[in-house]
Amino acid sequence: MIEVAAQPFPFALDPAHVALVVIDMQRDFLEAGGFGETLGNDLTPVKQIVPSVAALITLFRARGWPIFHTRENHAPDLSDCPPAKRLRGKPFLRIGDLGTMGRILIRGEPGADIVPELAPAPGEIVVDKPGKGMFYATDIGERLTAMGVSQLVFAGVTTEVCVQTSMREANDRGYECLLIEDATASYFPAFKQAALEMIRAQGAIVGWTTPLAALQGALG
Ligand code: TIU
């Protein structure tokens, strides 16, 4: 076990059973014309974490530890997109509409791809998910079980939506979850802060949080 300084108390990282999950670092959430911007969001905070996420991926790649990348997206015929999701609110383009990066949040379109700086390497697992949580309507649970993974290190966007939902799903399934504070972001800095606090409150009710430097330090 490797002790990682974390909140609310140290995280005992088990190198034989840990995997990294990078949530939804897609052009649709980070770049102009994508889903995030159609919802009226300022993209600045989510763009800022790309170097930290890249450094975290490097840390896992160097050790040969498993890496999962998720992508929130839908089938071209929208058969996996509930109307309640597509019709929600007043975005300037809805899921499936044609934007500057292809159709918004549709599998296979340029906008639904992971940003080039964080492109998955051969052997890394890409999980397409129609929901906010990574277990809903995906095979990630079976894959993690088959690989013997029991601990998940989380990064990605957005902290209080897809990251938190995925962490809560994982926590309920018995995974120990560590969120890397500076490798996750929200369009709303106050929501990120609140999510970090509620995750680690009550004795790590959902999981632990720690800065990237603490993990780097622990791993040497
Ligand atoms: N990936 C993810 O968080 N999807 C979202 O829709 N997030 C928002 O904050 N909108």
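## Strand 4, inside and out

In strand 4, Ile67, His69 and Arg71 point one way, while Phe68, Thr70 and Glu72 point the other way, and all of them are buried. Buried here means under 20% relative accessible area, with exposed being over 50% and partly exposed in between (1.4 Å probe, protein chains only). Put as a count, 6 of the 6 residues of strand 4 are buried, so the strand is mostly covered. As for the pattern, side chains in a regular strand alternate between the two faces of the sheet. Strands, like helices, are DSSP runs numbered from the N terminus: at least two residues (E) for a strand, at least four (H or I) for a helix.

A word on what you're looking at: this is a predicted model, where local features need pLDDT of at least 70, side-chain atom pairs count only at pLDDT 80 or more, and totals for chains, interfaces and linings use all residues. Residues are numbered from 1 along each chain as its sequence is written, and side-chain values use heavy atoms, with hydrogens and water left out.

## The sheet around it

Strand 4 belongs to an open sheet of 6 strands, in the order 7-4-3-8-9-10, with parallel pairing. At the edges sit strand 7 (125–129) and strand 10 (208–210), each pairing on one side only. On average, neighbouring strands of this sheet are turned by 25 degrees against each other, direction ignored. Angles run from 0 to 180 degrees between N-to-C directions, and axes are lines fitted to C-alpha atoms, for helices over the stretch in contact.

Two strands pair if DSSP finds at least two bridges between them. Strand 3 (residues 18–23) and strand 4 (residues 67–72) run parallel and are joined by 4 bridges. Here Val21 stands opposite Phe68, and Val22 has His69 as its bridge partner. Strand 4 also pairs with strand 7 in the parallel sense, over 5 bridges, and there Glu72 is matched with Lys129.

Then there's helix 7 (residues 159–172), which lies across strands 3, 4, 7, 8 (151–157), 9 and 10 and runs at about 165 degrees to strand 8.

## Where the ligand sits

Which residues surround the ligand? They are Asp24, Phe29, Phe35, Leu39, Glu72, Lys132, Val157, Thr158, Val161, Cys162 and Tyr187, using a cut-off of one heavy atom within 4 Å.

Some of these make polar contacts, meaning pairs of N or O atoms within 3.5 Å. A polar side-chain atom of Glu72 is 2.9 Å from a nitrogen atom of the ligand. The side chain of Lys132 has an N or O atom 2.8 Å from a ligand oxygen, and a backbone N or O atom of Val157 is 3.2 Å from a ligand nitrogen. Of the 280 Å² of accessible area that the ligand has on its own, the protein covers 92% (Shrake-Rupley method, 1.4 Å probe).

## Two residues to look up

Thr184 is in strand 9 (residues 176–185). Is Thr184 buried or exposed? Thr184 counts as buried because its relative accessibility is 0%. Its side chain reaches the backbone oxygen of Gly156 at 2.8 Å. Contact means heavy atoms within 4.5 Å, and, leaving aside neighbours within four places in sequence, Thr184 is in contact with Ile49, Gly156, Thr159, Val163, Leu179 and Lys192.

Phe9 lies in the loop between strand 1 (2–4) and strand 2 (11–13). Phe9 counts as partly exposed because its relative accessibility is 37%. Not counting residues up to four places away in sequence, Phe9 touches Gly203, Ala204 and Trp208.

Key. A polar contact is a pair of N or O atoms within 3.5 Å; within protein, one must be able to donate a hydrogen and the other to accept it, and residues adjacent in sequence count only if both atoms are side-chain atoms.
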